[in-house]
There are 2 protein chains.
Amino acid sequence: MEIKEFYDYNKEIAKFKVAYALVEWDMRTKMPPKAAMDRAEVAGKLARTIFDMGTSPKMATFVEYFNRPKINEKLSEVDRRNVYLVTKEYRRVSSIPPDEFEKFTIACSKGENVWQEAKVESNFAKFKPYLEEIVGYLKKFVEYYGYEENKYDALLEDYEPSMTTKDLKKIIDELKAELVPFIKDLTSKGKAPDTSILKGNFDKASQERLSHEVLSAMTYDFNGGRIDETAHPFTIGMGVGDVRVTTNYHVDDMTSALFSTMHEGGHALYEQGVSEAYKLMPIYNGASMGIHESQSRTWENLVGRSRSFWKFFFPKLQNIFPQFKGVPLEKFYRAINLTKPSLIRIESDEVTYNLHIMIRFEMEEALINDKIKVADLPEVWNEKVKQYLGIDVPDNAHGVLQDVHWSGGQIGYFPSYMLGNLYASQFFFTAKKEIPNLEEEIENGNLKVLREWQREKIHKFGALYDPKDLLIKVTGEPLSHKFFMNYVKEKFSEIYF
Amino acid sequence: MEIKEFYDYNKEIAKFKVAYALVEWDMRTKMPPKAAMDRAEVAGKLARTIFDMGTSPKMATFVEYFNRPKINEKLSEVDRRNVYLVTKEYRRVSSIPPDEFEKFTIACSKGENVWQEAKVESNFAKFKPYLEEIVGYLKKFVEYYGYEENKYDALLEDYEPSMTTKDLKKIIDELKAELVPFIKDLTSKGKAPDTSILKGNFDKASQERLSHEVLSAMTYDFNGGRIDETAHPFTIGMGVGDVRVTTNYHVDDMTSALFSTMHEGGHALYEQGVSEAYKLMPIYNGASMGIHESQSRTWENLVGRSRSFWKFFFPKLQNIFPQFKGVPLEKFYRAINLTKPSLIRIESDEVTYNLHIMIRFEMEEALINDKIKVADLPEVWNEKVKQYLGIDVPDNAHGVLQDVHWSGGQIGYFPSYMLGNLYASQFFFTAKKEIPNLEEEIENGNLKVLREWQREKIHKFGALYDPKDLLIKVTGEPLSHKFFMNYVKEKFSEIYF
């Protein structure tokens, strides 16, 4: 058997994945409302086709053959990695009985719908039976997948390959020990910046121009992508030459769309930078959700909320929104760097964000290991928010019901956000070492210098390496919380003290 | 076997067709340029899946079973029609060896690309070998499909079911005999309207508003559709609740987008009006290309270029483009009704349009029946344009290379345009009889009254009837050129004399 046959078959699957991605993008951006019900069936048909092809007897033959030691050892690094990724996916997916998988998919689909209503009504009881069903399936899947130490590891693997619960707990303990007292210091002794200058009326057309301009500055390739409006911003790649960004405009707050555009733009630069030689292969993808998130966080926070960037970009903002013409740069810089414990994860700042993740991780881990029940979630949530963030949760809509993830069966996803923050600082520390005048380049608007570094060190490899290995390859050391802590301490001490 | 099994299987095919339609729409509206090459492969994969499912052994079983006389006679009218349409498609498609079909698809794909270049360069020689290959395949397909009297009938069937070359020739002869002298009269003795008031600078955003407003007036349902910009306007339905319109804005001519929006809106009203009970069934479709075109022509010409419509809509236009505020309604009405023999079909007016179709029909019929060769096309074209339109063709770009259809293998399509014009007048004649105050309703902007009539008489049936039968059912008589001739004679005599 030739490896070409393996690739040809996987490329056929990849084509259906492109069609699926387009349906997904369209559903969240352009699709007229009346099409929703039937379009879900089209998406389901494509998903089922992908599932069937990924677990077919033909796929089984490829997996068996290319994992034979004598065959496998002769493969190139790229071929071996592709075989590895396909094998892993094959084993996970085919370990689940197809009927159970389909029921789980339907439960998630219903779960998301009910969650939306439950969130609006702040009614956890309404969502509870659906979440119980979803968690029930995930607990079964954990047994099918298998795990070594902790059941939660089996779910983590989907989002952050080779990351374990044990590793996560260790890094969280280290991070928490420094972060919690630092936040207490900032909020009790520091002087919070004045954010009143950010208020105003920002027409959508001008915000669109702003988003376009910032993506161009980031060297996002508009010939291989586009930007559209959506309710919950996301980035989606659909094959070669098409990585689409979305954002969400609020007329009373231009920072929301601006930073979400930079965030999504960071994801998009990653996908636009994967080597074209890998197209339609399993490694034509990011290394993990965490590594992906590190790229978005770099652009949103380490660049987008830095003084250097605004030295370059503030005149452009002033051009589009003349109300900023009288505002000193320094005042603006401080205003976009307010930090404050708050109830909603997606609205939280870069200092307090990780606390939101710790809360969710601890609850998920307890849930999957039967230490708590679905019924306990609201109470546990509220306790943890008090403990970590020091605030009272007024209702479930602003508490346990705020995120979509659980309703879609995505337990194990949240840690990626925290890992993304940590990876981002660690990568950026190395970038600054290797590009000594990086800040100056950013001040001059030469953002390409950072993009090129990311492309050469991270993007072009796609999913060739596990995130752990990639981190060591790029930064020379394993994951550490110190890069993030040093970054926020330095930056926010200067702003607050 | 239950009819439900037949429907379930066809619904699975219909889902892939929705995905295919979305890919198609995206390619022509939103897709970034770098994605073009790979996206074509995705479209190809979906097309092949649809082909394979449509010719599968399972489909063969359905076709055989539900056409057994004892089974078939017990089916409801709707079920029988669905079986009939599926059977027809099955027999046509499976009569072609799959490899030949795939080669033909590739030839058309290449043909379209080469045609675009050849058109720009006005270079027929470049396009000739590709067209020869395409025509070669079509001649083979004609033999596979089979025909009774004329080979061309086998191709017509794809676009206008049960229409024959003989019928077409008859109607063309009748139409030509009255139309050609009438055009001669108009252009030699009549007074052409002054169109200078249509010149100007029309910003795109305002034109978008205009398109939106005219579609709303037409009762197009924006909750089940949308309008976007494209190079060559089209309408595309993708399942229930999603019928999308496209248009093309020219800053120096607002009539182009306006009438193309009304044209496409007419197609869209048809698709939005098919009974929802037929969703995902083969009859969830138009009756034929000609009937479809009759609906677009009705809205573009019979309504959109009528005095009644502009009595209602002119103030709205003046609001959006204040330059028309000083212009008398009558002057505007006449300006949008200039008729003049011209070189380009898609720019021609409603009086001369059919002559362009006659030219193409005669050439296609001769080509398929080996009376002329591909190499003869430019010369024959130029002769016929001189003969029918009385003008000289300066180059092939403005002659034989102007239309995309042949390059995509669509021989047999052009007559639908002419039939659409004739059907439109015949339907409209009946509508006016059955809604005595129709013109008054239009003057008052109550366009819904016409849309409702169309929906009840035509739209809701989808493809339940053959076009011939539908025409008789609605108008009480078979196709006649007299409705069209009476319409243009009355309208243009008043304008020109």
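**Strand E3 of chain B and its surroundings**

Ile236(B) has Arg244(B) of strand E3(B) standing opposite. The model discussed here is a predicted one, and this briefing follows E3(B), which spans residues 243-247 of chain B, through its pairing, its burial and the helices around it. It then turns to the side of chain B that touches chain A.

**The sheet**
- Three strands of chain B make up an open sheet in the order E1-E3-E2, and the pairing within this sheet is mixed.
- E1 and E2 of chain B are the edge strands, each of them pairing on one side only, and the twist from one strand to the next averages 25°.
- In general, the strands of a sheet pair through backbone hydrogen bonds, in either a parallel or an antiparallel sense.

**Pairing of E3(B)**
- Strand E1 (residues 227-229) of chain B pairs with E3(B) in the parallel sense, over three bridges.
- Within this pairing, Ile227(B) has Val245(B) as its bridge partner in E3(B), while the partner of Asp228(B) in E3(B) is Thr246(B).
- Strand E2 (residues 235-237) of chain B runs antiparallel to E3(B), and three bridges join the two strands.
- E2(B) and E3(B) form a hairpin with five residues between them, and Gly239(B), which lies in the turn, has a positive phi of about 75°.

**Burial of E3(B)**
- E3(B) is mostly covered, with five of its five residues buried.
- The covering applies to both faces of the strand: Val243(B), Val245(B) and Thr247(B) are buried on one side, and Arg244(B) and Thr246(B) are buried on the other.
- Arg244(B), the residue opposite Ile236(B), is thus named among the buried residues of E3(B).

**Helices and the sheet**
- H1(B) lies across E1, E2 and E3 of chain B, and its direction runs at about 155° to E2(B).
- Helix H11 (residues 254-273) of chain B also packs on the sheet, where it touches E2 and E3 of chain B, and its direction makes about 170° with that of E3(B).

**Contact with chain A**
- In chain B, 28 residues are in contact with 28 residues of chain A.
- On the side of chain B that touches chain A, the elements giving two or more residues are helix H1 (3-29) and helix H2 (36-54) of chain B.
- H1(B) supplies the largest share of that side, seven residues, and H1(B) also lies across the three strands E1, E2 and E3 of chain B.
- By residue class, the side of chain B that touches chain A divides into 12 nonpolar, five polar and 11 charged residues.

Definitions and conventions:
Residues numbered from 1 in each chain as written. Chains lettered and ligands numbered in written order. Predicted model: local features only at pLDDT ≥ 70, side-chain atom pairs only at ≥ 80, totals over all residues. Buried ≥ 20, exposed ≤ 12 C-beta atoms within 10 Å, placed from the backbone. Helix = DSSP H or I, 4+ residues; strand = E, 2+ residues; numbered from the N terminus. Pairing = 2+ DSSP bridges. Contact = placed C-beta atoms within 7 Å. Nonpolar A, V, L, I, M, F, W, Y, C, P; charged D, E, K, R; others polar. Axes fitted to C-alpha atoms, helices over the stretch in contact; angles between N-to-C directions.
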